[in-house]
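Here are some notes to read beside the coordinates. They go point by point, from cysteines to strands, cores and single residues.

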Amino acid sequence: MSRGAERGTPPMIAKAGVVGAGSMGSGIAAQFANAGIPVVLLDIPAKEGPRAAIARGGVERQLKAGGFMHGDAAALVTVGNTEDDLGKLSDVDWIVEAVVEDLAVKQALFRRIEQVRKPGCIVSSNTSTIRRAALIDDLGDGFADHFVVTHFFNPPRHMRLMEIVAGDNAGTDIVARTRHAAAIALGKTVVMARDTPGFIANRIGCYWMAMAAMEALRLGLTIEEADAVAGQPFGVPRTGVFGLFDLVGIDLVPHVWKSLERALPQDDDLQQFRLTQQPLFRAMIERGLHGRK
């Protein structure tokens, strides 16, 4: 009998999989390992050297960044690539998608995952802005029944919040298992969110970040002045707005904020602050200045 089943609680996750080995995906994999859960971490094949080099780089990134509670936990992560090793997901209990914030890319991946996942396996997306309904469009009822959005926050080891979006057609047992594993195994504070663009945190936070940054630049404040004002008197958060962009990654702007701009109506307040068109942010991205991540 699975752990917890005797007490009427959902069974714990025995093995997990994460697809996408960027800072977020590799951090999620590390958090599974921190919980003692073996995890498969996949990314696209490297163009040179070992084909699993990108996923291996994600593990090394977490070792350097402190994503693992102890370096020995990295041994629980099995790396691979999405062309040769997708079959390694066939015996896992929960697959987390953490690839680029692009609907077409995610849906193409889900169609491939559906071919290898075992019955009852949870599939979730770490999307921060794309609605669950759009993600599962044309993927069938069987997939939708096992699919939820699980929005982690970066870095996954330290940020306790997780938003879960289940919609109307996710199985109640799948939702219960996801919530239980997130809270008990991964140490998350779970908030159930509605299936709206940006959910809760990003719907508020992305607007605040775009407005604060663009207003500061419009008023001629230096980066240091703007962060000193926002970070201490207002305290949301202590980094200040530009420090927060530096932390989460400036390269997310074309993906996360653009996704919201497309999804929200033109009379929404966020449309007044088109961060994707802001010259400073565009110039930094073009120069490869993506922040501390």
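1. How many disulfides does the structure hold? Zero. Bear in mind that this is a predicted model. Two cysteines deserve a look anyway. Cys 121 has 0% relative accessibility, so it counts as buried. Cys 206 is at 3%, which is under the 20% cut-off, and is therefore buried too.

2. Next, strand E3, residues 77-81. Four of its five residues are buried, so the rest of the structure largely encloses this strand. Its partner is strand E2, residues 39-43. The two pair in the parallel sense, over five bridges. To find the register, look at Val 39, which stands opposite Val 77 in E3. The link from E2 to E3 runs through helix H2, residues 53-65. This β-α-β crossover is right-handed.

3. Which strands pair with E5 (122-125)? On one hand there is E4, paired in the parallel sense over four bridges. On the other there is strand E6, residues 147-151, also parallel to E5, with three bridges. Two residue pairs fix the alignment. Glu 97 has Ser 125 in E5 as its bridge partner. Ser 124 has Val 148 in E6. E4, H3 and E5 together make a right-handed β-α-β unit.

4. Is E5 covered or open on its faces? Both faces are covered. In a regular strand, side chains alternate between the two faces of the sheet. Here Ile 122 and Ser 124 sit on one side, while Val 123 and Ser 125 sit on the other. All four are buried. Note that the list includes two serines, Ser 124 and Ser 125.

5. Now the packing. The largest nonpolar core has 39 residues. Val 18, Phe 32, Leu 41, Phe 68, Val 77 and Trp 94 touch the most other members. Elements that supply two or more residues to this core include strand E1 (16-19), helix H1 (23-34), strand E4 (94-97), strand E7 (161-165) and helix H6 (172-185). E2, H2 and E3 from point 2 are on that list as well. H1 gives the largest share, six residues.

6. Phe 32 is a good place to centre the view of that core. What does it touch, beyond residues up to four places away in sequence? Its contacts are Ala 16, Val 18, Ile 37, Val 39, Trp 94, Val 96 and Leu 186. Three of the residues named in point 5 thus meet here: Phe 32, Val 18 and Trp 94. A second core is separate and has 23 residues. Its members include Ile 95, Cys 121, Leu 135 and Phe 199.

7. Ser 26 lies in helix H1. It is a polar residue with 2% relative accessibility, so it counts as buried. Leaving aside neighbours within four places in sequence, Ser 26 is in contact with Gly 20, Ala 21, Leu 41, Gly 58, Arg 61 and Gln 62.

8. Arg 117 needs a closer check. Where does it lie? In the loop between helix H3 (103-116) and strand E5. Is Arg 117 buried or exposed? At 13% relative accessibility it falls under the 20% cut-off, so it counts as buried. Its side chain makes a polar contact of 2.6 Å with that of Glu 114. The Arg 117 side chain also reaches the backbone oxygen of Gly 142, at 3.4 Å. Contacts beyond four places in sequence are Ile 95, Val 123, Gly 142, Phe 143 and His 146. Of these, Ile 95 is in the second core.

9. Last, helix H9, residues 240-248. Gly 240, Val 241, Phe 242, Gly 243, Leu 244 and Phe 245 are buried in this helix. Asp 246 is found there too. At 24% relative accessibility, Asp 246 counts as partly exposed, because partly exposed begins where buried, under 20%, ends. Asp 246 and His 290 are 44 residues apart in sequence, yet 7.1 Å apart in space, C-alpha to C-alpha. Asp 246 is in contact with His 290, Gly 291, Arg 292 and Lys 293, leaving aside neighbours within four places in sequence. Just after H9, Gly 249 takes a positive phi of about 110°.

Terms used. Residues are numbered from 1 along each chain as its sequence is written. This is a predicted model: local features need pLDDT of at least 70, side-chain atom pairs count only at pLDDT 80 or more; totals for chains, interfaces and linings use all residues. Side-chain values use heavy atoms; hydrogens and water are left out. A disulfide is a pair of cysteine sulfur atoms within 2.5 Å. Buried means under 20% relative accessible area, exposed over 50%, partly exposed in between (1.4 Å probe, protein chains only). Two strands pair if DSSP finds at least two bridges between them. A crossover is right-handed if, with the strands pointing away from the viewer, the path from the first strand over the helix to the second runs clockwise. A polar contact is a pair of N or O atoms within 3.5 Å; within protein, one must be able to donate a hydrogen and the other to accept it, and residues adjacent in sequence count only if both atoms are side-chain atoms. Contact means heavy atoms within 4.5 Å. A nonpolar core is a set of buried Ala, Val, Leu, Ile, Met, Phe, Trp, Tyr and Cys residues joined through side-chain atoms within 4.5 Å.
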